[in-house]
Amino acid sequence: MRRICRVGAAAAGVLAVAVLGTGCGGSDGDGASGAPVVVSETPDAEVTDLGDWFPTDDPLATDDTTEDYETVDPAVSGPEAEIDQMATEKNWETFSGSSAGSWVTQVCSDLESSPEEHGQSPAQWLDDGIRMEEDGKDILLFGIPKACPKWTSAVKAAASGKYERWFGDGTFVVTSKKLDGEQTIPPGTYRAEGRMENCYWERTSESGDIIDNNFATSARKITVTISSSDGQFTSEGCATWKPVK
């Protein structure tokens, strides 16, 4: 009768079988040479669960690993990142509490409309208030050329204090000097252009007497010359007054 040999495996990776030659263990009676030799290594304890070899008490193998690690967003590139990096290196701080980069971006956006709405030139608007004070000056001088280069000349003029001044509604003391708590306008010739309805302007003496005035119900262009001897200049409902060059 032919014998059939079987080799059982207790667990993957545990039983090593080396078969030398062919066949299944010699002849039917006398154990002829060339019989296969089976060498086995049996573990001390039978492996019944792969968990014995791959323990699950490692925190990296649990479903809760995401709670132990914070997701970090990629660094933001572009002008804001450059401005923030420089502000960090120079220890610059904004008065607004926001990052230097986001503040410069906001100033760039405001420059598109705010100066005209306030009756000011771009450099004048930048120099107004506290934008150019303390670290704000350095931040804008570095940041505006990167974030909105079209306003580079305006920020440089604001930093130097030499720029063209425009004037909107209000009453202005006629003087070339800056007066604390007072709106001032230097003597000279000014022109307002645009669609103007119900525009009133007047020049008065220091005592308040009217020197010259006009009320325009419809106008496109108005030119007024303010003398150095005038006391005040008042404008209501007119376009922005700009110096005539």
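The structure contains an open sheet of 5 strands, arranged in the order β2-β1-β7-β4-β5 with mixed pairing. At its edges lie β2 (184-185) and β5 (210-216), each of which pairs on one side only. The model is predicted. This briefing covers the sheet and two asparagine residues with positive phi, N91 and N198.

**Sheet and strand pairing**

- Strands of a sheet pair through backbone hydrogen bonds, and the pairing is either parallel or antiparallel.
- Strands β4 and β5 run antiparallel and are joined by 6 bridges.
- Across from W201 stands N214, a residue of β5.
- In the strand order, β4 is placed between β7 and β5, and β5 (210-216) is an edge strand.

**Residue N91**

- The loop between α1 (79-90) and α2 (100-110) holds N91.
- The phi angle of N91 is positive, near 60°, and the residue is not a glycine.
- N91 counts as exposed because its relative accessibility is 61%, where the cut-off for exposed is over 50%.

**Residue N198**

- N198 is located in the loop that links β3 (188-196) and β4 (199-204).
- Although N198 is not a glycine, its phi is positive, at about 60°.
- The relative accessibility of N198 is 47%, so the residue counts as partly exposed; this class lies between the limits of 20% for buried and 50% for exposed.

Conventions. Residues numbered from 1 in each chain as written. Predicted model: local features only at pLDDT ≥ 70, side-chain atom pairs only at ≥ 80, totals over all residues. Heavy atoms only, no water. Helix = DSSP H or I, 4+ residues; strand = E, 2+ residues; numbered from the N terminus. Buried < 20%, exposed > 50% of the residue type's maximum accessible area, 1.4 Å probe, protein only. Pairing = 2+ DSSP bridges.
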